[in-house]
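Trainee: I would like a close look at a single part of this model. Please pick one helix pairing, and then place it among its surroundings.

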Amino acid sequence: MAVLKKIFLGLLIVFVILQFIRPERNINSGISANDLTKTIDVPDNVQAILKNSCYDCHSNNTRYPWYMNIQPMGWIMANHVNAGKKDLNFSEFGNYTLRRQKNKLRGIEESIEKDYMPVYSYTILHADAKLNDAEKKIIVDWASAAQDSLERKN
Amino acid sequence: MKNLITICALAITSLAACNNDKQTTTAENKVITDSALNSTFGTASAAGDNTAASMKDMVGQYLQIKNALVNDNGEEAATAGNAFVASMGKMEKTTMAPEKVKIWEDLSESAKEMAGHIGMNHGKIDHQREHFDMLSKDMYDMVTAFGTDQTLYVAHCPMFNKNKGADWLSETKEIKNPYYGKEMLTCGKIKEEITQ
């Protein structure tokens, strides 16, 4: 019993210490000058869905729920955000070459259509980020039309 | 109380040990990166203009990806995709004409990403094919800008990407469709020939 108590106490102390090691937060003030919305035409309804279901991991601004203050939850989230931003960062969309902008839109179309995104490990904690069929169609149609308009620009 | 202190000390040392581990790994990574950089740099300066050699490698690896997809083999496509990314890193910009540098910069980031994703998604051949379509566009521009030492044919598949159609480059005139594999092997037609 005494051993168990020691182990428990040890774990507790480790847990407490972990709380002091916090990942850097992905928060930047204002809308980036290179934001998607400043680069191509994004209707309000599309913007609302993107902001709610995609921007947490795919932009320079994450909305953090309270439990992200508890480690290791915060670290898991930080990993997600870093990986997400590397693949697609809406805050930097204007910095992509035209070729990549088209590719990214095509990627959005495919990921939503085939349910690759939003990822399960994210929606399990953010149920409100899940997309219903109507919302999916809005995003897919927009991404497809936006590719065509960029194609004409070329 | 004495016990508590021992536990505390243990916890802190174990945590410190964790941190040490992390540092070692980072240091090792750094060494690898540095030596990788050196070797890239070294080869480039020794070989001078390596554009033709790198292009030959990339065309070869692109065709390997293509043929793997024709055979519905996602594993092989992934291996070739990763090799393609490695060859891209050997392309030396300093010896390129300024207008070529511009072309290279425009397409290389995209091509690297596409080939990289083909490399990562060996279990998802559908997804690899989407990336192969985009890589084929980059490859066409790359070959027309930097040349090829073998004749290539541009083939067109009208159905892929929701009937928007997709092209691919091939070493032969015979149609073997990488977008559908054996499902629709001979669908498509040659629309252009790129001579060396």
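Mentor: What follows starts with one helix pair in chain A and then turns to chain B.

The model is predicted. Take helix α6 (residues 98-113) of chain A and helix α8 (residues 133-153) of chain A. Their axes come within 9 Å. They cross at roughly 160°. An angle over 145 degrees counts as roughly antiparallel, and α6(A) and α8(A) are therefore roughly antiparallel to each other. The crossing of the two helices is left-handed.

Now the residues in that contact. From α6(A) come L98(A), Q101(A), K102(A), L105(A), R106(A), I108(A), E109(A), I112(A) and E113(A). From α8(A) come K136(A), I139(A), V140(A), A143(A), S144(A), A146(A), Q147(A), L150(A), E151(A) and K153(A). An α-helix has 3.6 residues a turn, so residues three or four places apart point the same way. Sorted by class, the contact of α6(A) with α8(A) holds nine nonpolar, three polar and seven charged residues.

Next, the loop between α6 and α7 (120-123) of chain A. P118(A) sits in this loop. The peptide bond leading from M117(A) to P118(A) is cis. Its omega is near -10°. D115(A) belongs to the loop between α6 and α7 as well. D115(A) is not a glycine, yet its phi is positive, at about 60°. D115(A) counts as exposed because it has 11 C-beta neighbours inside 10 Å, and the cut-off for exposed is 12 or fewer.

Chain A has a cis peptide bond between Q71(A) and P72(A) too, with omega about 10°. P72(A) lies in the loop between α4 (55-58) and α5 (73-87) of chain A.

Turn to chain B. Its secondary structure is six helices and three strands. Along the sequence the order is α-α-α-α-α-β-α-β-β. Chain B has 196 residues, and 29% of them are buried. Of the contacts in chain B between residues at least 6 apart in sequence, 64% link residues at least 24 apart.

Helix α2 of chain B covers residues 51-70. At 1.5 Å a residue, its 20 residues should span 28 Å, and the end C-alpha atoms are 28 Å apart, so the two agree. The buried residues of α2(B) include M58(B), V59(B), Q61(B), Y62(B), L63(B) and I65(B). K66(B), A68(B), L69(B) and V70(B) are also among them. The buried residues of α2(B) pack against three helices and a strand of chain B: α3 (74-88), α4 (98-120), α5 (125-146) and β2 (166-170). Just after α2(B), D72(B) takes a positive phi of about 55°.

N161(B) has a positive phi too, near 60°, and is a residue other than glycine. N161(B) is placed in helix α6 (residues 160-163) of chain B. N161(B) is partly exposed, because 18 other C-beta atoms lie within 10 Å.

Last, strand β3 (residues 189-194) of chain B, which holds I190(B). With 14 other C-beta atoms within 10 Å, I190(B) is partly exposed. Leaving aside residues up to four places away in sequence, I190(B) touches Y153(B), A155(B) and K173(B). I190(B) and T172(B) are 18 residues apart along the chain, and their C-alpha atoms are separated by 9.6 Å.

How values were computed:
Residues numbered from 1 in each chain as written. Chains lettered and ligands numbered in written order. Predicted model: local features only at pLDDT ≥ 70, side-chain atom pairs only at ≥ 80, totals over all residues. Helix = DSSP H or I, 4+ residues; strand = E, 2+ residues; numbered from the N terminus. Buried ≥ 20, exposed ≤ 12 C-beta atoms within 10 Å, placed from the backbone. Contact = placed C-beta atoms within 7 Å. Expected span 1.5 Å × (residues − 1). Axes fitted to C-alpha atoms, helices over the stretch in contact; angles between N-to-C directions. Parallel < 35°, antiparallel > 145°, perpendicular 65-115°, else oblique. Left-handed = near helix turned anticlockwise from the far one by under 90°. Nonpolar A, V, L, I, M, F, W, Y, C, P; charged D, E, K, R; others polar.
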